Amino acid sequence: MNRRPAVVADTTSIDEAMKRWEETVRAPSLAVRPETRDEFKTLSGQTVKPLYTPLDLDGIDYLRDIGFPGQFPFTRGRTPNGYRSFKWPHDFYSGYGSGESANQRYRELVKHGATVITLALDLPTQIGLDSTDPLAEGEVGKAGVALASLADAERVLDGVDLARTGLGFVANGIGPYALAIALAVAEKRGLDPADLRHFRIQNDPLKEYTGRNTHIFPVPMAVEMATDVVEYINRNFKDKWLWQWVPQYVCSTQMRWGGMNAAQEVGFMLAHFFNYVDSALARGLPIASVVSKMEWHASTDLDLFEEVAKYRAGRRLFARLMKERYQCDDPEVLGLRVSTWTTGDHLTAQQPLNNLARISMSVLAAFLGGAEHIWAPAYDEALALPTSESTRIANQVKYVIHHECGLENTVDPLAGSYYVEKLTCAIEEEAIGWLNEIDRRGGVAAAVDQGFYQREALRGMHRYQMELETGQRKKVGINLFPAGDELPLNLFQVDPQDEQRQIQRVIELKAKRDGRLVQQRLNELAETAARKVADKRVNTVPAMLAAVRAYATVGEIHAVLRQAFGTFKPPVSL
Amino acid sequence: MNKKRIKVIIAKIGLDGHEMGALLVSRVLADAGMEVIYTGPRQTVPSLVQAALEEDVDVIGLSFLTGSHREHTVKTLQLMKEKGVGLDEVVLVVGGVIPPADVSYLKSLGVDAVFGPGTDTRTITSTILAAVEKKTARHSSLA
């Protein structure tokens, strides 16, 4: 057989050749065409060299550090065959206004093939306040739909067949309530809850203390409440449709958008992930059934190579540390599933259609990083809540890239890139440092109380802003081709009457339900909460479910819990 | 010439907790020599106006992301009026995700400036400085 010689990295000769190249080829060229900037950096601030070569792979062992997809250390992907054996869940995150308007959009989405609908909840609901609460004024139905009680959920999901369409919740402070709502809606329809096609709940309270601030309870109790959901699902629906359910996933999205860098995203994600795993293990749950359902919900920023490296580093580090910390060899546990909400912060309000290019690039990065679920923002999100059209486009970008750009053909195509492999190692190394920093500070809750996350985010955001303002970093529409007159966009607006309608409905509900039964259920919930204060392993879901069935409201339920658990006081550290 | 350090209160009113914009602007104004109080998230209009009165601020900055800027700004202005915190003395600015159509609405209410996403922080600083100077000048000429 006539074989060509393999390309072998003979480092000594490459080193010499490169030095010659520097002197005789690059230097003369630079004399004629100097670099356009003093320093080239990744979006996260890592300095990048002009060229990467096999010399940069020194110390990397293919089998140990890169390996094969679907196998330890999972650098190249969680599954062995990547997008060649893959179908996207057709999933939408949506919700606004009163139950009727959200319901109308959900029905449209299902008609257009949505297989999963993720409910965006309004802020009062996410913080455990009724639509009628004075603090909720101006927020009802704004960032999502109000689910003040089971009655709202019934109306919002009317006509959506939950045996056929999966249901998702972004519920972090109120995980047990969201689970109870889903179960109670199923019951009302005569469905066995285990027959829900798919149930997926973010249930990541730590996200709320480290970037998004939609928190209720002190950190340790918030984690325990989230674990109640994980435990309840694991114990009650075992061997049924559990394989389709996601009771918790760990987000680094908001931290990144708030100003953290790629390595911090990985390091802090791991700290939070391990925190949840420890909490579940303390309930006696088997590690395999807990971790195999969890995933890393990452951001995907615009620096393509850095993002791909981040995904690969995150998977590798997760596998290594899970193995080391939990003495676990199960590939179902060690292979980290990654989903992404690409970029929320680097879209511009200026010349918003340019955002389509940014969205496409971050979706491409997510593909090359091996994400198994990609949500992209709508191009008009820096201006207002997205319209129905911009939501549809955001969803279809990934299909364009998947089917039209050759992305499905081969697994982890950037593996072996000198630059990407080097960057993967650099991010892994820095991420370990951040994880250790959290440990050194006494864990996640302590780091939150010390204002550590807030300071780190502000530091990163300030750095980025100053790079823009000094012109070190260029951004179209901001400091390159800054906007002139804008084309008017058709922006989405919530019907201002929706808030009043929703408030009225909560008042009517309270008048017509069985008030004595509600009080009894709330009293039982209070007893459960008191027991939980004494023993964190007490599960609040059964009492929560009973209260939800009786049409107790989200505000009533969480008032009881606030009474028992207290509330979180955010640090302010300028 | 007013030699007193300009005092600013930056507030997140309502339930939204996206505070990085508010924190960044706070830091930038502090770097520019102003005295900045950042309230932290989930403030109410009464708590803000009370703090603004007690601290005798020159500038109130409100930061919004989730679409509740109209309601909260109206309420803030109402209460400022009731409490005698007049727009002839105090500069009121709003920042965050504000749809273009709402910018003119907020300005028609008397808001001095609206800073949308991507605003250069130097513009924020200079706009606030100019607005404070204008109001101080007018106020002292009336006095």
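At what angle do the axes of helix α20 (residues 515-534) of chain A and helix α22 (residues 554-565) of chain A cross, and within what distance do they come? In this predicted model, the two axes come within 9 Å and cross at roughly 30°. The helices α20(A) and α22(A) are therefore roughly parallel to each other, since angles under 35 degrees count as such, and their crossing is right-handed. On the side of α20(A), the contact is made by L522(A), L525(A), A526(A), A529(A), A530(A) and V533(A), while α22(A) contributes E556(A), I557(A), V560(A), L561(A), A564(A) and F565(A). Classified by residue type, the contact of α20(A) with α22(A) comprises 11 nonpolar residues and one charged residue, with no polar residues.

A second helix pair in chain A is formed by α10 (residues 262-281) and α12 (residues 304-326), which pack at an angle of about 30° with their axes 10 Å apart. That angle makes α10(A) roughly parallel to α12(A), and the crossing of these two helices is right-handed. From α10(A), the residues A262(A), E265(A), V266(A), M269(A), L270(A) and F274(A) take part in the contact, and from α12(A) the participants are E306(A), K310(A), A313(A), G314(A), L317(A), F318(A), L321(A) and R325(A). The residues of the contact of α10(A) with α12(A) divide into nine nonpolar, one polar and four charged.

Helix α12(A) also meets α14(A), and the axes of this pair come within 8 Å and cross at roughly 35°. Here, too, α12(A) passes its partner α14(A) in a right-handed crossing. The contact is made by L304(A), E307(A), V308(A), Y311(A) and R312(A) of α12(A), together with M361(A), L364(A), A365(A), L368(A) and G369(A) of α14(A). By class, the contact of α12(A) with α14(A) has seven nonpolar, one polar and two charged residues.

In chain B, an open sheet of five strands has the order β2-β1-β3-β4-β5, with parallel pairing. The edge strands are β2 and β5 (113-115) of chain B, each of which pairs on one side only. Neighbouring strands of this sheet are turned by 20° against each other on average, direction ignored. At one edge, strand β4 (residues 91-96) of chain B pairs with β5(B) in the parallel sense over three bridges, and G95(B) stands opposite F115(B) of β5(B). Helix α1(B) lies across β1 (7-11), β2, β3 (59-64) and β4 of chain B, and runs at about 165° to β2(B). Helix α2(B) likewise packs on the sheet, where it touches β1, β2 and β3 of chain B, and its direction makes about 170° with that of β1(B).

The contact between the two chains takes 29 residues from chain B and 33 residues from chain A. On the side of chain B that touches chain A, the elements that give two or more residues are α1 (20-31), α3 (69-82) and α5 (121-142) of chain B. The largest share of this side, six residues, comes from α1(B), the helix that also lies across four strands named above, β1, β2, β3 and β4 of chain B. By class, the side of chain B that touches chain A has 10 nonpolar, 13 polar and six charged residues.

Some backbone features of individual residues remain to be described. Most residues other than glycine have a negative phi, and most peptide bonds are trans. A cis peptide bond joins F72(A) and P73(A), with omega about 5°, and P73(A) is placed in the loop between α2 (62-66) and β1 (91-94) of chain A. In the same chain, phi of Q351(A) is near 45°, a positive value in a residue other than glycine; Q351(A) lies in the loop between β7 (337-341) and α14 (355-369) of chain A. With 16 other C-beta atoms within 10 Å, Q351(A) is partly exposed. In chain B, R42(B) has a positive phi of about 65° although it is not a glycine, and this residue is found in the loop between β2 (35-38) and α2 (45-55) of chain B. R42(B) is buried, because 20 other C-beta atoms lie within 10 Å.

Note on methods
Residues numbered from 1 in each chain as written. Chains lettered and ligands numbered in written order. Predicted model: local features only at pLDDT ≥ 70, side-chain atom pairs only at ≥ 80, totals over all residues. Axes fitted to C-alpha atoms, helices over the stretch in contact; angles between N-to-C directions. Parallel < 35°, antiparallel > 145°, perpendicular 65-115°, else oblique. Left-handed = near helix turned anticlockwise from the far one by under 90°. Contact = placed C-beta atoms within 7 Å. Nonpolar A, V, L, I, M, F, W, Y, C, P; charged D, E, K, R; others polar. Buried ≥ 20, exposed ≤ 12 C-beta atoms within 10 Å, placed from the backbone. Pairing = 2+ DSSP bridges.
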